[in-house]
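Subject: Handing over the structure

Hi,

Here is the structure I said I would pass on. Have a look at it first, then read on for what turned up.

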Amino acid sequence: MIKIGVFGYGKAGQAVAEVLRHDPRFELMWVARRTSTDQPETIPGTAVPIIGLDKVVLSEWLDTHPVDALVDFSSADTVKIYGEEVRRRQLMLVSAISAYSETDLDYVRSLGNDTRVLCSPNMTVGINFLILAARLLRSIAPFADVEILEQHFRDKPEVSGTAKKIADSLSIDNEHITSLRLGGIVGHHEVIFGFPYQTVRIIHNSIERKAFGTGAAFALSELANCERGFYTFDDLLMHKVRKQLAMA
Ligand SMILES: NC(=O)c1ccc[n+]([C@@H]2O[C@H](COP(=O)([O-])OP(=O)(O)OC[C@H]3O[C@@H](n4cnc5c(N)ncnc54)[C@H](OP(=O)(O)O)[C@@H]3O)[C@@H](O)[C@H]2O)c1
């Protein structure tokens, strides 16, 4: 069983911890957040401790509460606290942080010289699969028209970053993104390929933040079978696809 520590216990971290806690391949050892409460805290209904990095010396905590892997859903700063521990102890790292500066990202990449690191600004299996499938179809049918439709809740002001990433990965302009804002839609991304005599639609719908946990679990289980290095979600999906093709 892979022992895990999670950084970040906000909206995403709570959902991710919940998924990892219930996955028999993993043992969730602890969760770390920025600030601690006066009383020792645990995840409700469990003995899993929630620690505040304001009161704990991480290297001492890791000596007494060892883990095999860290999962980061906190903020871009946190890697500066745990980075050298990851390197020294050769812990696997799954980082979901999307706001790294180029310098931070270079540092995270450098951890891949010493251990196994996955860093992805999108941690859902579904969106990453959608991008892979859309890229494949685009290479098969470069003549087809491509449009991206994204739908989100009424108050989301900006164009979806995921939709822009899909456009970028297909080398199409952001002008080909249509945004609809309706009620409480969590997240809908659709890539539409218009062929002369047929239409192909690849659709992803987000239901809950727990999808980030499913993605982190996939990343951890794949990383466990990788050599040390820095990986994207795409790299891990392609490992899986190649394995499947080799077995076929
Ligand atoms: N790649 C993906 O698919 C994906 C998906 C969702 C979220 N994310 C990323 O995950 C992060 C968290 O998102 P969220 O919506 O859950 O935010 P949030 O609700 O604001 O929660 C942030 C959590 O991180 C903790 N934290 C922040 N800085 C920290 C530090 N320096 N050391 C330790 N803990 C720290 C906070 O501690 P306190 O509780 O003490 O404030 C809080 O628990 C963001 O960077 C977001 O971009 C990525």
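Below is what I found, going through the sheets, the helices and the ligand in turn.

One thing to keep in mind as you read: this is a predicted model.

**The eight-stranded sheet**

A good place to start is the open sheet of eight strands, which runs in the order β3-β4-β2-β1-β5-β6-β7-β12 and has mixed pairing. Its edge strands are β3 (41-42) and β12 (229-231), and each of these pairs on one side only. If you want to trace one pairing by eye, try β1 (residues 2-7) and β5 (residues 69-72): they run parallel and are joined by four bridges. Within that pair, Ile4 stands opposite Ala69 of β5.

Two helices are worth finding against this sheet. Helix α1 lies across β1, β2 and β5, and its direction is at about 160° to β2. Helix α7 (residues 210-223) also packs on the sheet, where it touches β1, β2, β5, β6 (92-95), β7 (116-119) and β12. The direction of α7 makes about 150° with that of β6.

**The four-stranded sheet**

There is also an open sheet of four strands, ordered β9-β8-β10-β11, again with mixed pairing. β9 (177-181) and β11 are at its edges with a single partner strand each, so one side of each has no neighbour in the sheet. On average, and ignoring direction, neighbouring strands here are turned by 15° against each other.

Strands β10 (residues 188-194) and β11 (residues 199-205) pair in the antiparallel sense over seven bridges, and a hairpin of four residues joins β10 to β11. To spot the register, look for His189, whose bridge partner in β11 is His204. β8 (residues 145-152) and β9, on the other hand, run parallel, with five bridges between them; there, Gln151 has Leu180 of β9 as its bridge partner. Helix α5 lies across β8, β10 and β11, running at about 165° to β11.

**Two helix pairs**

Packed helices are described by two things, the angle between their axes and the distance between the axes.

Take α5 (residues 125-140) and α6 (residues 161-169): their axes are 10 Å apart and the angle is about 25°. These two helices are therefore roughly parallel to each other, and α5 passes α6 in a right-handed crossing. On the α5 side the contact is made by Ile127, Ile131, Ala134 and Arg135, and on the α6 side by Thr162, Ile166 and Ser169. Sorted by class, that contact has four nonpolar, two polar and one charged residues.

The other pair is α3 (residues 79-89) with α4 (residues 102-111), whose axes come within 10 Å and cross at roughly 20°. That makes α3 roughly parallel to α4, but here the crossing is left-handed. Val79, Gly83, Val86 and Arg87 of α3 meet Asp104, Tyr107, Val108 and Leu111 of α4. This contact divides into five nonpolar, one polar and two charged residues.

**Around the ligand**

Which residues come nearest to the ligand? There are 26 residues around the ligand, and the nearest are Gly8, Gly10, Ala12, Ala96 and Met123. The elements that give two or more residues to this shell are α1 (11-21) and β2 (26-33). The largest share comes from α1, with three residues. By class, the shell has 12 nonpolar, 10 polar and four charged residues.

That's the lot from me. Happy browsing!

Notes. Residues numbered from 1 in each chain as written. Predicted model: local features only at pLDDT ≥ 70, side-chain atom pairs only at ≥ 80, totals over all residues. Near = placed C-beta within 6 Å. Nonpolar A, V, L, I, M, F, W, Y, C, P; charged D, E, K, R; others polar. Axes fitted to C-alpha atoms, helices over the stretch in contact; angles between N-to-C directions. Parallel < 35°, antiparallel > 145°, perpendicular 65-115°, else oblique. Left-handed = near helix turned anticlockwise from the far one by under 90°. Contact = placed C-beta atoms within 7 Å. Pairing = 2+ DSSP bridges.
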